[in-house]
Amino acid sequence: MKREMNLIILIIIVLVLMVGAFYFYNDDKNKTSQDAPIRGLAKENNSSTITTLPIPEILEDQNPDEKIAEYDLIAQKSTSVFVNDVETETYGYNGNYLGPVIKAKKGEEITVNIKNALGDEETTVHWHGLEVPGDVDGGPHQVIQPNESLQTTFTINQPAATLWYHPHPLHKTGKQVYKGLAGLLLIEDEVSDKLPIPKDYGRNDFPLVIQDRQLNQNGKLIYDLDMMDVMHGKHGDTPLVNGANDALLEVPKGKVRLRLLNGSNARTNRLHLKDELPFWQIGSDGGFLEKPVKLQELVLGASERAEVIVDFSSYKEGERIELFDQNVRLMTFVVGEELDKETEIPEQLTTIKTIKPEEATKSREFVLQGMGHMVNINGKQMDIHRIDEEVNLDETEIWEVSNPNGRMAMEHPFHVHGVQFQILERNGEEPPENERGWKDTVLLMPGENVKLIATFKHKGTFMYHCHILEHEDAGMMGQFQVD
Ligand SMILES: [Cu+2]
């Protein structure tokens with residue numbers, strides 16, 4: 001009798017545990033899966049949770065006038081879940097992580113009302129790649145104090161491009177970008193309007209903000225730097241695309257345009273697709289290339305962008321194609337239905353007026369050197385009270401940038417504010433085909449040198465710096481004044 005009672009109690013305990021486990025599992029699933037399920041995934045007999053790739057919203061223009069646009073941006077603190085249901089503190093513009101897409105037209109006047117709701121940190125919003133005067137560039141001089149706002153107005157006067165915005169406070173950029181402050185600024189013009197390329201945002205035209213983050217053993221996103229981070233910039237083992245780890249994106253069977261941003265603090269991306277599926281690069285940092293460049297691997301230094309077109313038409317519905325950075329899977333595309341609209345990869349995308357070396361009135365040298373806290377340019381570290389280079393307004397210059405080889409030499413992505421430049425030479429030779437368009441950042445591996453040419457069309461104080469944010473924060477930055 002006693003044995004039977006024990007058996008009944010045991011059965012009841014087992015039943016309670018099973019019911020509990022069922023509810024716990026389902027609750028778990030509800031918390032991590034985002035949005036609606038993707039078509040083509042139902043067949044998947046996989047008990048693990050599925051994350052749908054988040055697509056940043058397009059920020060709403062508050063001004064009804066067609067020639068004027070007005071936007072509100074709030075830099076704020078919040079929380080996000082990246083892996084294993086763990087909530088961690090993150091920063092975002094108008095949301096919990098990253099920011100909305102600002103869509104701009106060439107010729108348009110844009111006003112952005114920026115509020116700093118970060119509580120106790122100063123910030124700035126820098127328009128990376130935008131050709132605007134120094135006082136609206138959003139560099140370390142345009143500080144927005146906690147709980148204060150800044151209204152900034154500029155006119156878009158450059159070709160269609162995928163640009164971005166992010167904080168740039170002196171010595172504190174790394175942490176704020178790492179915590180999540182970054183968003184895209186997309187410029188459209190008469191060229192992008194006419195091209196028969198994919199351009200339905202969220203249907204066959206997708207932004208992919210690629211980042212790597214380090215979550216600690218508790219799953220928290222903490223910005224602390226060890227010796228390796230100080231040397232090489234903050235790297236992490238958790239890849240994120242649009243803020244999601246290992247997410248899925250349904251794409252139409254056919255041509256798909258991806259607007260890629262390496263939004264990492266330091267990591268250089270070496271991007272490729274499953275089966276080494278080729279793709280066509282159609283744009284660099286500052287706009288369309290003249291002709292598409294067929295690639296199987298694309299290298300993007302921190303802050304560089306590229307627009308590419310991938311043709312998924314040879315895959316069956318439901319098939320999966322992964323995007324990798326070296327051997328790490330960043331995300332997976334799932335092929336869906338074909339769209340009704342035909343798109344093309346035109347042979348000619350645009351015409352780029354080549355700036356000739358003879359137009360240059362001056363030549364300058366920039367040597368990237370040092371390591372750890374000692375990283376510098378031309379032997380100098382950033383001093384906000386010092387102007388390093390004086391440039392005449394509307395003049396063209398050649399900038400020779402070198403990253404000398406040596407013990408402990410490392411790569412540096414060199415970024416110039418306020419201009420789009422052209423690369424005349426890489427290591428004494430014509431640059432590769434996908435670097436023959438407008439650029440604002442150029443990656444230099446140890447031992448490399450580049451010759452850049454640019455016309456400085458806007459007045460003001462601007463920065464040039466390494467876009468490994470820990471190098472920038474350590475002082476690998478200088479200032480030039482255009483007058
Ligand atoms: Cu650097």
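In this predicted model, the protein chain carries 48 positive and 78 negative charges, and the mean positions of the two sets are 3 Å apart. The accessible surface of the protein chain comes to about 21600 Å², with 50% of that area belonging to carbon and sulfur atoms.

Let's look at the overall build next. The protein chain has five helices and 29 strands. Its radius of gyration is 24 Å, close to the 23 Å that the globule rule gives for 483 residues, so the chain is as compact as a globular protein of that length. Along its principal axes, the C-alpha trace spans about 100 × 55 × 50 Å. Buried residues make up 52% of the 483 residues. Among contacts between residues at least 6 apart in sequence, 74% join residues at least 24 apart.

Now for the metal site. Which residues are the protein donors of the copper ion? They are His412, Cys466 and His471, lying 2.0 to 2.1 Å from the ion. Along the chain these donors follow the spacing H-x53-C-x4-H. Histidine 412 lies in strand 24 (residues 412-416) and histidine 471 in helix 5 (residues 469-474), so the pair ties together parts that are 59 residues apart in sequence.

Are the two histidines buried or exposed? Here are their values side by side:

| Residue | Relative accessible area | State |
|---|---|---|
| Histidine 412 | 1% | buried |
| Histidine 471 | 0% | buried |

Both count as buried because their values are under the 20% cut-off for relative accessible area.

Key:
Residues are numbered from 1 along each chain as its sequence is written. This is a predicted model: local features need pLDDT of at least 70, side-chain atom pairs count only at pLDDT 80 or more; totals for chains, interfaces and linings use all residues. Side-chain values use heavy atoms; hydrogens and water are left out. Donors are N, O and S atoms within 2.8 Å of the metal (3.2 Å for Na, K and Ca); water is not among the atoms, so sites may look incomplete. Helices (H or I, at least four residues) and strands (E, at least two) are DSSP runs, numbered from the N terminus. Buried means under 20% relative accessible area, exposed over 50%, partly exposed in between (1.4 Å probe, protein chains only). The radius of gyration is taken over C-alpha atoms; the globule rule is 2.2 Å times the number of residues to the power 0.38. Contact means heavy atoms within 4.5 Å. Accessible areas come from the Shrake-Rupley method with a 1.4 Å probe; for residues, only the protein chains shown count as cover. Lys and Arg count as positive and Asp and Glu as negative; His and the chain ends are not counted. The place of a charge is taken as NZ of Lys, CZ of Arg, CG of Asp or CD of Glu.
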